[in-house]
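Got the viewer open? Keep the selection panel handy, and let's take a walk through this model together.

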Amino acid sequence: MMTTEELKIVQVTKIVDARGTACPGPLLEAKKAVGTIKSGDIMEILSADEGTKSDLPKWCTKQGHEYLGTIEVSGYFRVFMKKK
Amino acid sequence: MEKKKLCLALYTGSVDKLTAAGVILGGAAAEDMDVEIFVLLQAAFAFKKENAMVNDRVAEITDKKDDFLASLKRLGTPHWTAAFRKAKEVTSIKIHICGFAGKVWHGEKLDDFIDLADDICGIAQYIQTAQEADLNLFI
């Protein structure tokens, strides 16, 4: 896991903006997007769905990717993961 | 890693339960599950071409139907057909129309149903699939 400061400056390969979709929208968007990046790439998922905040880290870990952390912003949150 | 299998017996023709089914399919898709859906009885009504997009019947808390539908819109919830379609893009989902159910609602051939449906089947296929599945649901 990275600190908030580290997450703020980490080099992100892909940003998935899933704000405006409710569960399971952000999860599905993440699943689709992870197929388009390379192993070792970092992906950031933006979501405003509260359920997704716990779902995404669990999904990430179960799929074998590295969950790096979450930053909460006003009205939404940013989830960071590294593809296995 | 071997994929887990979900067998969903979809009985309902009501949009509240179909919406819930759509959410579950999204979860199954995110987990890379293979899914087989068997469209039974009232669900066959919902899958008919002329009904799919206009059917707004709800099964529960029917006195709050307008509230419910307005909330779905407010939350940007995709129509159940769109949710099914999106899940189908991400994982293997086969949708079988039960032949008997289709006939109840005057659907004799696959073309009578929306293009989400893959084929028409009999009950034996459902029973066999259910026996082999890791997770069985009846909605």
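Start by selecting chain B and colouring it by secondary structure: you'll find six helices and five strands. Keep in mind that this is a predicted model. Now trace chain B from its N terminus, and the elements come by in the order β-α-β-α-α-α-β-α-β-α-β. Chain B has a radius of gyration of 15 Å, close to the 14 Å that the globule rule gives for 139 residues, so it is as compact as a globular protein of that length.

Stay with chain B and turn it around. Along its principal axes, the C-alpha trace spans about 40 × 35 × 25 Å. How many of its 139 residues count as buried? The share is 35%. Next, think about which parts of chain B touch each other: among contacts with a separation of 6 or more, 80% are between residues 24 or more positions apart.

Time to hop over to chain A. Select residues 25-34, which form helix α2(A). Is this helix largely enclosed or not? Eight of its ten residues are buried, so the rest of the structure largely encloses α2(A). Show side chains to pick out the buried ones: G25(A), P26(A), L27(A), L28(A), E29(A), A30(A), K31(A) and V34(A).

So what is doing the covering? Select β1 (14-17), β2 (42-47) and α3 (50-62) of chain A, which are part of the cover over the buried residues of α2(A). Then add α1 (15-30) and α4 (80-90) of chain B, because the cover includes these helices too.

Now for the sheet in chain A. Select its four strands and read across them: the order is β1-β2-β4-β3, the sheet is open, and the pairing is mixed. At the edges sit β1(A) and β3(A) (66-73), each pairing on one side only. Look along the sheet and you'll see a twist that averages 20° from one strand to the next.

Zoom in on β2(A) and β4(A) (residues 76-82). These two strands pair in the antiparallel sense, over six bridges. For one bridge to look at, click I42(A): its partner in β4(A) is K82(A).

Last stop: bring the helices back. α2(A) packs on the sheet, touching β1 and β2 of chain A, and its direction makes about 160° with that of β2(A). α3(A) packs on the sheet as well, touching β2, β3 and β4 of chain A, with its direction at about 165° to that of β3(A).

Notes. Residues are numbered from 1 along each chain as its sequence is written. Chains are lettered from A and ligands numbered from 1 in the order in which they are written. This is a predicted model: local features need pLDDT of at least 70, side-chain atom pairs count only at pLDDT 80 or more; totals for chains, interfaces and linings use all residues. The radius of gyration is taken over C-alpha atoms; the globule rule is 2.2 Å times the number of residues to the power 0.38. A residue is buried if 20 or more other C-beta atoms lie within 10 Å of its own, exposed if 12 or fewer, and partly exposed in between; C-beta atoms are placed from the backbone. Two residues are in contact if their C-beta atoms, placed from the backbone, lie within 7 Å. Two strands pair if DSSP finds at least two bridges between them. Axes are lines fitted to C-alpha atoms, for helices over the stretch in contact, and angles run from 0 to 180 degrees between N-to-C directions.
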